[in-house]
Number of protein chains: 2
Amino acid sequence: MLRISKLTDYGTIVLALMARDPLEIYSATDIARRINVALPTVGKVLKTLARADIVTATRGSHGGYSLSRLPSTISIAQIIDAIEEQPFGLTECTSIAGLCMQENHCRVRANWMRINQSVRIALENLTLGDLVAETVQSTATQIQKVPLPKIDAQKLEENHEHGCS
Amino acid sequence: MLRISKLTDYGTIVLALMARDPLEIYSATDIARRINVALPTVGKVLKTLARADIVTATRGSHGGYSLSRLPSTISIAQIIDAIEEQPFGLTECTSIAGLCMQENHCRVRANWMRINQSVRIALENLTLGDLVAETVQSTATQIQKVPLPKIDAQKLEENHEHGCS
DNA sequence: ATATATAGGACAATTATAGTCCTATATGGC
DNA sequence: GCCATATAGGACTATAATTGTCCTATATAT
């Protein structure tokens, strides 16, 4: 797949709309109408975002949702973490029986983890502010060829202990 | 999700094994036994990789698969493209009815596309060679904060014409 | 009180993925 | 030529993930 789920995609659209007036309160009904997505679906996204404290809910009439923080302080990684069910990562740390022992497999896994880490860092540095910017600002993130830091042997050990194959 | 499929994961493991002796011929049976994955599954992966000309098949007895090119010239992006069914991208370029007209939605989509592009470039620069390296070499790829190039207005137009919402 | 909101969980339908199997074709050795 | 061994390609099934919806409970303003 290598793809964020539709719900997360909706999440970015919803948040982008809210980012236009970062201090305003938006009801789920309002947002649903404005982005043209069904109310129950938008509601689900907003509830999830509220649980992660990315938006703050106000109940009752005249209630709704508002951004908990300014757009430039909400990272794309946080949004993904909030809505995606499985933990972040291009590859899964699965324990296929007997694979963990194979040096070959283990090495590939370790290098995948580092690739994951790079992508993760990129998405941590990108914010909701960047997402709504006319063009992505100079504070945005790009990937380029540079030396990777030394491998962290301790971290790899930890992965093993947690059943990483 | 934001995750490569298991089949693609197997693909990297298979190729990593083959990369240890880049000129040798490996039968599907042999590979299946050595990486401890069921034969039909390994076969499926290898057939797919052969179609993309990443490995070359030799039929008949004493036949098998061998790498078509040296590990350092096979990019991770190529492997993903070969095995994943859907085109590369963190976000899908879906046409949800009536969303394409909304400036807000369109802007978010455009910026997502650029994020995709960054990740794509990273995976194009990483090779099978890097994946089997003891530690990822200095030729490997990391993501860091740098200015993004100017937006390519022409490309964005093309996306629109192809029904991108 | 009542209308308007969100909270949280349960549910059904759809879709994607994984894995297997079957038949056809090619090659080397006897 | 015949047989064992390999891959080619597609079909098919079972499983899992995802989506989207709905229901009931709770909170708030008028």
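Before you click anything, a word on helix axes: they are lines fitted to C-alpha atoms, for helices over the stretch in contact, and angles run from 0 to 180 degrees between N-to-C directions. Helices (H or I, at least four residues) and strands (E, at least two) are DSSP runs, numbered from the N terminus.

What you have open is a predicted model, where local features need pLDDT of at least 70, side-chain atom pairs count only at pLDDT 80 or more, and totals for chains, interfaces and linings use all residues. Residues are numbered from 1 along each chain as its sequence is written, chains are lettered from A and ligands numbered from 1 in the order in which they are written, and side-chain values use heavy atoms, with hydrogens and water left out.

**Stop 1: two helices in chain B**

Select residues 6–19 (helix H1) and 76–83 (helix H4) of chain B. They pack with their axes 9 Å apart, at an angle of about 130°. That makes H1(B) and H4(B) oblique to each other; angles under 35 degrees count as roughly parallel, over 145 as roughly antiparallel, 65 to 115 as roughly perpendicular and the rest as oblique.

Now show side chains. Leu7(B), Thr8(B), Gly11(B), Thr12(B) and Leu15(B) of H1(B) meet Ile79(B), Ile80(B) and Ile83(B) of H4(B). Contact here means heavy atoms within 4.5 Å. An α-helix has 3.6 residues a turn, so residues three or four places apart point the same way.

**Stop 2: helix H2 of chain B**

Go to residues 28–35 of chain B, helix H2. Which residues are buried here? They are Ala28(B), Asp30(B), Ile31(B), Ala32(B) and Ile35(B). Buried means under 20% relative accessible area, exposed over 50%, and partly exposed in between (1.4 Å probe, protein chains only). Their cover includes H1, helix H3 (39–51) and E2 of chain B.

Step just past H2(B) to Asn36(B), in the loop between H2 and H3 of chain B. Its phi is near 65°, a positive value in a residue other than glycine. Asn36(B) is partly exposed, with a relative accessible area of 43%.

**Stop 3: the hairpin of chain B**

Select residues 55–58 (E1) of chain B together with E2(B): the two pair in the antiparallel sense over four bridges. Two strands pair if DSSP finds at least two bridges between them. Look for Val55(B), whose bridge partner in E2(B) is Leu67(B). Five residues sit between the strands, and Gly60(B) in this hairpin takes a positive phi near 80°.

Now look along E2(B), residues 64–67: Gly64(B) and Ser66(B) point one way, Tyr65(B) and Leu67(B) the other way, and all are buried. In a regular strand the side chains alternate between the two faces of the sheet.

**Stop 4: over to chain A**

Color chain A by secondary structure and you should find seven helices and three strands. Of its 165 residues, 50% count as buried.

Zoom in on E1 (residues 55–58) and E2 (residues 64–67) of chain A, which run antiparallel and are joined by four bridges. Thr58(A) stands opposite Gly64(A) in E2(A). In the loop between E1 and E2 of chain A, pick His62(A). Is His62(A) buried or exposed? His62(A) is exposed, with a relative accessible area of 79%.

**Stop 5: helix H4 of chain A**

Last, select residues 76–83 of chain A, helix H4: six of the eight residues are buried, so this helix is largely enclosed by the rest of the structure. The buried ones are Ile76(A), Ala77(A), Ile79(A), Ile80(A), Ala82(A) and Ile83(A). Turn chain B back on too, as the cover of these residues includes helix H5 (103–125) of chain B along with helices H1 (6–19), H3 (39–51), H5 (103–125) and H6 (128–132) of chain A.
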